[in-house]
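Colleague: Before we talk, could you put the model on the screen, so that we can go through its pockets, its surface, its backbone and its salt bridges one question at a time?

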Amino acid sequence: MKLVVTIDVEEEGLFNGTYASDSVTASNVAGLERLDSMFRGLGIRPTLLVSYQAAEDPAHRDLIAELSGKWDGEIGAHLHHWNTPPIVPLPQPDPVPSELIPEEILAAKLDNLLGRLREMGGNPVSFRMGRFNLGPKMLGIISGHGISVDSSVAPMRSYYGGPAHLSAPTDPYFPDPENPCKPGESKILEVPLTIVPILPKLGKFLAGLEAAAYLPRKATSWFAMNMGSLPAQPFLTGLRRLKAAVKLHRLRGGRVVTLFFHSSELVRGFSPQNKTEADVDGFLLRLERFLSWLVMEMHAESQTLAGFAKGFREEISGPA
C-alpha cells in the first residue's frame with residue numbers, strides 16, 4: 001500500500017467564511033516547520049498544494065521551497081478561484097462555483113497561480129481545486145495546463161457549488177470528462193481522499209435518494225459524513241477510526257491511502273478544530289501516531305502525488 005500525504009498550504013480566514021481578495025495573510029505557513037522532525041524521521045514525502053496567496057510573499061515561497069526540498073517532496077497547485085487574480089465581480093456569493101465562472105477567467109487564474117509556483121523553481125503537475133470544486137469545466141482547463149494528477153474528490157461528501165462526491169470511487173481512477181466523480185477516459189489521474197463508506201455501495205444509495213428527492217442534500221450529506229463513512233483524515237477523527245478506515249480500505253483492495261490537512265491547522269486559532277496551542281499539539285501527536293502506524297505497521301510507502309501517478313501509470317501500461 002502507498003501513502004500520499006497532501007497539505008493545502010493556504011491563507012487564513014477561510015474557516016470563518018472570509019473570501020477576501022485583498023488584505024489576506026498567510027502567516028500560518030511558518031507552522032509547516034513543526035512537521036520537519038516528524039516527516040524526516042518517518043520518511044514522509046509530502047505534496048504541498050500551494051495557493052496563490054501563500055505563494056505571493058517571497059518569504060513564504062522560500063520557506064515552502066526549502067521544506068519541500070528537505071523532505072524530498074513536491075510542490076503542486078491549489079487554486080482558490082475566489083481570490084486568485086484576475087478578480088472579476090460576479091453576481092453569485094463567494095466562493096462562486098467554478099462551473100459558473102467563464103472558462104477564460106478560470107484559465108487566467110490558473111495561469112497566474114502556476115506562474116507564481118514556477119517562480120519557486122518547479123513545474124507543478126499536481127492539482128487540487130479550492131473547496132473541492134472540480135467540475136467538468138475545470139477538469140478540461142487543467143488538462144491543457146500540464147497537470148497530470150488531481151486530488152479534488154472527497155468520497156462520501158457534498159460541497160456547495162460542486163459535484164456531489166457521495167458515490168465517487170475511493171481509489172485512483174481516470175475520471176469522466178463530464179463528471180469528475182465517475183470513472184471515464186480523461187488523461188488526468190484522480191487520486192481521491194481516502195474516505196471509506198461503511199458499506200461498499202452506500203454512497204450510490206444515498207446519491208440515488210438525493211437524486212430522487214426522497215432526502216434533501218443536507219440530510220444525505222450529514223448522514224454520509226457522520227454515520228456512513230470512515231475518514232482516514234487526521235484532522236477529522238481520532239486514531240481508532242483512522243486505523244479502521246485504512247484497514248477497511250485495504251480489505252476492499254485499496255492501493256493508496258491519501259490524506260490531507262491544511263497548513264492553518266498547524267497554528268492555533270486558524271481552524272475550528274485547533275483553537276488553542278493544546279489543540280495543535282494534540283493534532284500533531286495524532287498525526288505522528290497515525291503516520292508511524294502506517295509506515296511501521298502497515299508498511300505503507302510514502303510517495304508524492306506525481307510520484308504515485310507515475311508508478312500507477314507504469315503499473316497499468318508498463319514502463320515508458
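Colleague: Which class of residue, nonpolar, polar or charged, has how many members in the lining of the largest pocket?

Modeller: Please keep in mind that this is a predicted model. The lining of its largest pocket is made up of 27 residues, and F132, Y159, M225, F235 and L236 are the ones that lie nearest the centre. Sorted by class, that lining holds 6 charged, 9 polar and 12 nonpolar residues.

Colleague: What is the volume of the largest pocket, and which elements each supply at least two residues of its lining?

Modeller: A general idea helps here, namely that empty space shows up when a probe the size of a water molecule is rolled over the atoms. For the largest pocket, the volume comes to about 570 Å³. The elements that each give at least two residues to its lining are strand 4 (126–129), helix 7 (217–226) and strand 11 (256–262).

Colleague: Turning to the second largest pocket, which element gives the largest share of its lining?

Modeller: The second largest pocket has a volume of about 230 Å³, and 14 residues line it, with S167, A168, P169, P200 and K204 lying nearest its centre. Two elements give two or more residues to this lining, strand 7 (179–183) and helix 6 (202–211). The lining as a whole counts 8 nonpolar, 3 polar and 3 charged residues. The largest share, 3 residues, is that of strand 7.

Colleague: Which residues form a nonpolar patch on the surface, and is M227 buried or exposed?

Modeller: The patch is formed by W222, F223 and M227, which together have about 340 Å² of accessible area. M227 sits in the loop between helix 7 and strand 10 (229–231). Because a residue needs over 50% relative accessible area to be called exposed, and M227 has 52% relative accessibility, M227 counts as exposed.

Colleague: Where in the chain does P86 lie, and is the peptide bond from P85 to P86 cis or trans?

Modeller: As a general rule, most peptide bonds are trans, which is the background for reading an omega angle. P86 lies in the loop between strand 3 (74–79) and helix 4 (103–118), and P95 is found in the loop between strand 3 and helix 4 as well. The bond from D94 to P95 is cis, with omega near -5 degrees. For the bond from P85 to P86, omega is near 5 degrees, and the bond is cis.

Colleague: What is the sign of phi at D72 and at H299, positive or negative?

Modeller: In general, most residues other than glycine have a negative phi. D72 is in the loop between helix 3 (58–70) and strand 3, where it counts as partly exposed because its relative accessibility is 47%. H299 is in the loop between helix 9 (277–297) and strand 12 (301–303), and its 61% relative accessibility is the reason that it counts as exposed. Neither D72 nor H299 is a glycine, yet at D72 and at H299 phi is about 55 degrees, that is, positive.

Colleague: How many residues apart are R128 and D8, and are they buried or exposed?

Modeller: A search of the whole structure finds 13 salt bridges, and in one of them the side chains of R128 and D8 meet at 2.7 Å, N to O. R128 belongs to strand 4 and D8 to strand 1 (residues 2–9), so this pair links distant parts of the chain that are 120 residues apart. As for accessibility, R128 and D8 are both buried.

Colleague: How many residues apart in sequence are the parts that R255 and E315 tie together?

Modeller: The side chains of R255 and E315 meet in a salt bridge of 3.2 Å, N to O. R255 is in the loop between helix 8 (239–251) and strand 11, while E315 is in helix 10 (residues 305–317), so the parts tied together are 60 residues apart in sequence.

Colleague: Which element holds both E314 and K310?

Modeller: E314 forms a salt bridge with K310, and their closest N and O atoms are 2.8 Å apart. With 31% relative accessibility E314 counts as partly exposed, whereas K310, at 53%, counts as exposed. The two residues are 4 residues apart, about one turn of the helix, and the element that holds both is helix 10.

Terms used: Residues are numbered from 1 along each chain as its sequence is written. This is a predicted model: local features need pLDDT of at least 70, side-chain atom pairs count only at pLDDT 80 or more; totals for chains, interfaces and linings use all residues. Side-chain values use heavy atoms; hydrogens and water are left out. On a 1 Å grid over the protein atoms alone, a cavity is a set of points where a 1.4 Å probe fits but cannot get out, and a pocket is an open set with protein on both sides within 12 Å along at least five of seven lines; lining residues have an atom within 4 Å of a point. Grid points are joined across faces, edges and corners, and a volume is the space filled by probe spheres set on the points. Ala, Val, Leu, Ile, Met, Phe, Trp, Tyr, Cys and Pro count as nonpolar, Asp, Glu, Lys and Arg as charged, and the others, Gly among them, as polar. Patches are made of residues with over 30% relative accessible area and no salt bridge: like charges are joined within 9 Å, nonpolar side chains (Val, Leu, Ile, Met, Phe, Trp, Tyr) within 5 Å. Accessible areas come from the Shrake-Rupley method with a 1.4 Å probe; for residues, only the protein chains shown count as cover. A salt bridge is a side-chain nitrogen of Lys or Arg within 4 Å of a carboxyl oxygen of Asp or Glu. Buried means under 20% relative accessible area, exposed over 50%, partly exposed in between (1.4 Å probe, protein chains only).
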